[in-house]
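This report considers the interior of a protein model and its cysteines. Please examine the sequence and the structure before reading on.

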Amino acid sequence: MIDPKAITALVPTRECPEAEELYFPLPPSLEVVPLVERGDNVKVGQCIANGSGNLIAPLHSSVSGVVTDLKPIQNSSGGFSTMITIRNDSRYHALPFSSFKGSLRDASVVDLRQRIYSAGIPGLDDPGHPVEELIINATEGEPFLSADHRQIIENTRAIFTGLEVAMRLMNPKWVDIAVDESRSDAVIALRNYALKYSNVRVVPLKKTYPKGADCALVNQITHKRTRQRPIDVGVLVVEISTLAQVGLSMSTGLPFVSRFVTLSGSLLEKKLNLRVRIGTPIKTLLGELISQNAKMPAQLRVIMGGAMTVVSQTSLDVPVTKETNAVLVLSHLNLPEQHCIRCARCVDRCPVYIMPIFAAQNGLQAQECVECGLCSYHCPSNIRLVDRIRKWKQA
């Protein structure tokens, strides 16, 4: 059987086709304020929305063009968010940006944090506790995903520039870069760069799931057990894509306006990784890649993210956001739910040792769920446990 990751992992990343209109969803918070109005002209890298304080990262335009609307549009979670719609003028005029000058090791922590915040990069906030060990997550434990793999091969220097920034901010004693042992080219690329750091090691991990979940990763590498916050045991987990974006922003000055996205699934004619501008609707990514034998919506199941964590989409106008790492197109399968038979398979397979059926029924321990999807996958009654737990979390 062909590894679905291998199909895309060995193919160089391509540029995403151009979109006529891009959509930028605002976080569902009253503290987020749009900085543009209908009819405004914008440039690449221009801040179009911001939050009060430093809790919510700014949002930047990934194209130049005209703001055509600000209205609620369906988002990737199935709800509706206010979105800034920008008509692309295809000229990509950008604001002037300046790269970071000087040594990162001597840079002011305050200055680095401000640069990261101004670039709109989430995931490298002040943890509020001392960091003894920093774990860089490059495992991509879910099937199909290989965007991080391509980042490692194509942006290795940017990743280690971002790592130097993270080390300056957190001052950890040790840094572990966790990577799938089956991706030998990624392991070699990381080890070659890690040689000049005395406290950085590359840790190849066996191909298991959900090894990429923060709590599972901490347990595998440090043997410390935690259910919710790794920082409670002195460990901080950072995604390797975050480091790559920090490194790119430090080197070019350009804020977070694009990311690597895996396109894969059984109903795609071609499977590949694309560099996608934030705000691009997924219909632009898919284009003509969908098999001509597949018909919407009866046969298609479009998923944003991993196949195990499953966030199915009902609209192809949903845009790529900073968190989007994959768009999968699979055969539609909608088995009816049955009553729970108390088999305890969900409990046996939970990596954070909660009782998923109780979390789904009454919210018990719902906040401790890492949404890996193992419970739903193994449930003989086809109960959509993760979907129900997500609703409890939101409530």
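Is C375 buried or exposed? In this predicted model, C375 has a relative accessible area of 9%, which means that C375 counts as buried, since the limit for that class is under 20%.

**Cysteines**

The structure holds 0 disulfides. Two cysteines illustrate this point. C215 takes part in no disulfide, and the nearest cysteine sulfur belongs to C350. C375 is likewise in no disulfide, its nearest cysteine sulfur being that of C369. A disulfide requires two cysteine sulfur atoms within 2.5 Å, and the distances below may be read against that cut-off. C215, too, is buried, with a relative accessible area of 5%.

| Cysteine | Nearest cysteine sulfur | Distance |
|---|---|---|
| C215 | C350 | 9.9 Å |
| C375 | C369 | 6.1 Å |

**Nonpolar cores**

In soluble globular proteins, nonpolar side chains tend to be buried together. The largest nonpolar core of this model comprises 57 residues, and I84, I136, I152 and L163 have the most contacts inside it. Helix α4 (residues 156–170) supplies the largest share of this core, namely 8 residues. A second core, separate from the largest one, has 18 residues, including L268, L272, L274 and V320.

Which residues does L163 touch, if those up to four places away in sequence are not counted? They are L134, I136, V175, I177, V200 and L243.

**Helix α3**

Helix α3 spans residues 147–154, and 6 of its 8 residues are buried, so this helix is largely enclosed by the rest of the structure. The buried residues of α3 are A147, D148, H149, R150, Q151 and I152. I152 is also among the residues with the most contacts inside the largest nonpolar core.

How values were computed. Residues numbered from 1 in each chain as written. Predicted model: local features only at pLDDT ≥ 70, side-chain atom pairs only at ≥ 80, totals over all residues. Heavy atoms only, no water. Core = buried A, V, L, I, M, F, W, Y, C linked by side-chain atoms within 4.5 Å. Buried < 20%, exposed > 50% of the residue type's maximum accessible area, 1.4 Å probe, protein only. Helix = DSSP H or I, 4+ residues; strand = E, 2+ residues; numbered from the N terminus. Contact = heavy atoms within 4.5 Å.
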